[in-house]
Amino acid sequence: MDATRSAYAEAGKLLLQMADLNKERVRAYFDEPDLGRLAVGQKIVIEWDAKPGQEWHGHIVRTPVTVITYGTRTVGEVLVAIDDPDAGLLPDTNVTVTVTTSSQSDALSMPREALHSENGQYYAYKIVGDGLQRTKVTIGAPNLTQVPILSGLQAGDWVASSSTNGQPLQEGVPIKVQR
């Protein structure tokens, strides 16, 4: 509504909206399977496609109390406080939010497809000589592509992720390394 000095507005009509942009928050949606790893206080990184290479930092201030259907996904709404808001992140924009749920420096990792499990135990097929050796491993929290290895393998060990003939991997199978 355009207003003049002598104009009247009906009761309850919104005339002005103000915000303190030094106290911005982000409403982030996380898929239901990931919600169990989120906690208040976890650090987050925010990226906005309109400003490539720039990051904002913050932390989770509220975890979901319920899940909702958002398009084709089942998600939980997480509230994130921005710790460095003075860098030009505009309100009502679409951003990418990344949460680090766990980290371990100098962790050994391997491709997720090289990990196998049986009866709650994890193992990999380590290349020893010209064959495969089933090796028990202890893992950390995997992501979509990598699995952190806490014990069972050493730096420099090679593991098999699949066979070229479609046969299942098993101990003693002769191998041919492809580089």
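**Exercise 1. Decide whether Gln 42 is buried or exposed, and name the loop that holds this residue.**

Solution.
Step 1. Take the burial classes: buried is under 20% relative accessible area, exposed is over 50%, and partly exposed is in between (1.4 Å probe, protein chains only).
Step 2. Gln 42 has 14% relative accessibility, so this residue counts as buried.
Step 3. Place Gln 42 in the loop between β1 and β2 (43-47). Strands (E, at least two residues) are DSSP runs, numbered from the N terminus.

The model is predicted: local features need pLDDT of at least 70, side-chain atom pairs count only at pLDDT 80 or more, and totals for chains, interfaces and linings use all residues. Residues are numbered from 1 along each chain as its sequence is written, and side-chain values use heavy atoms, with hydrogens and water left out.

**Exercise 2. Find what surrounds Gln 42.**

Solution.
Step 1. Start with the side chain. It reaches the backbone nitrogen of Ala 39 at 2.7 Å.
Step 2. Set aside the neighbours of Gln 42 within four places in sequence. Contact means heavy atoms within 4.5 Å.
Step 3. List what Gln 42 then touches: Arg 37, Gly 58, His 59, Ile 60, Val 99, Thr 100 and Thr 101.

**Exercise 3. Arg 37 also has a salt-bridge partner; identify that partner and give the N and O distance.**

Solution.
Step 1. Recall the principle: side chains of opposite charge can pair when their charged atoms come close.
Step 2. Apply the cut-off. A salt bridge is a side-chain nitrogen of Lys or Arg within 4 Å of a carboxyl oxygen of Asp or Glu.
Step 3. The partner is Asp 34, with the closest N and O atoms 2.7 Å apart.
Step 4. Check exposure. Asp 34 is partly exposed at 29%, and Arg 37 is partly exposed at 39%.

**Exercise 4. State how many salt bridges the structure holds, then work out which strands the Glu 77 and Arg 27 pair ties together.**

Solution.
Step 1. The count is six.
Step 2. Glu 77 and Arg 27 meet through their side chains at 3.6 Å, N to O.
Step 3. Glu 77 lies in strand β5 (residues 73-82) and Arg 27 in strand β1 (residues 25-31), so the bridge ties together parts 50 residues apart in sequence.
Step 4. Glu 77 is partly exposed at 25% relative accessibility. Arg 27 is exposed at 54%.

Technical notes: Helices (H or I, at least four residues) and strands (E, at least two) are DSSP runs, numbered from the N terminus. A polar contact is a pair of N or O atoms within 3.5 Å; within protein, one must be able to donate a hydrogen and the other to accept it, and residues adjacent in sequence count only if both atoms are side-chain atoms.
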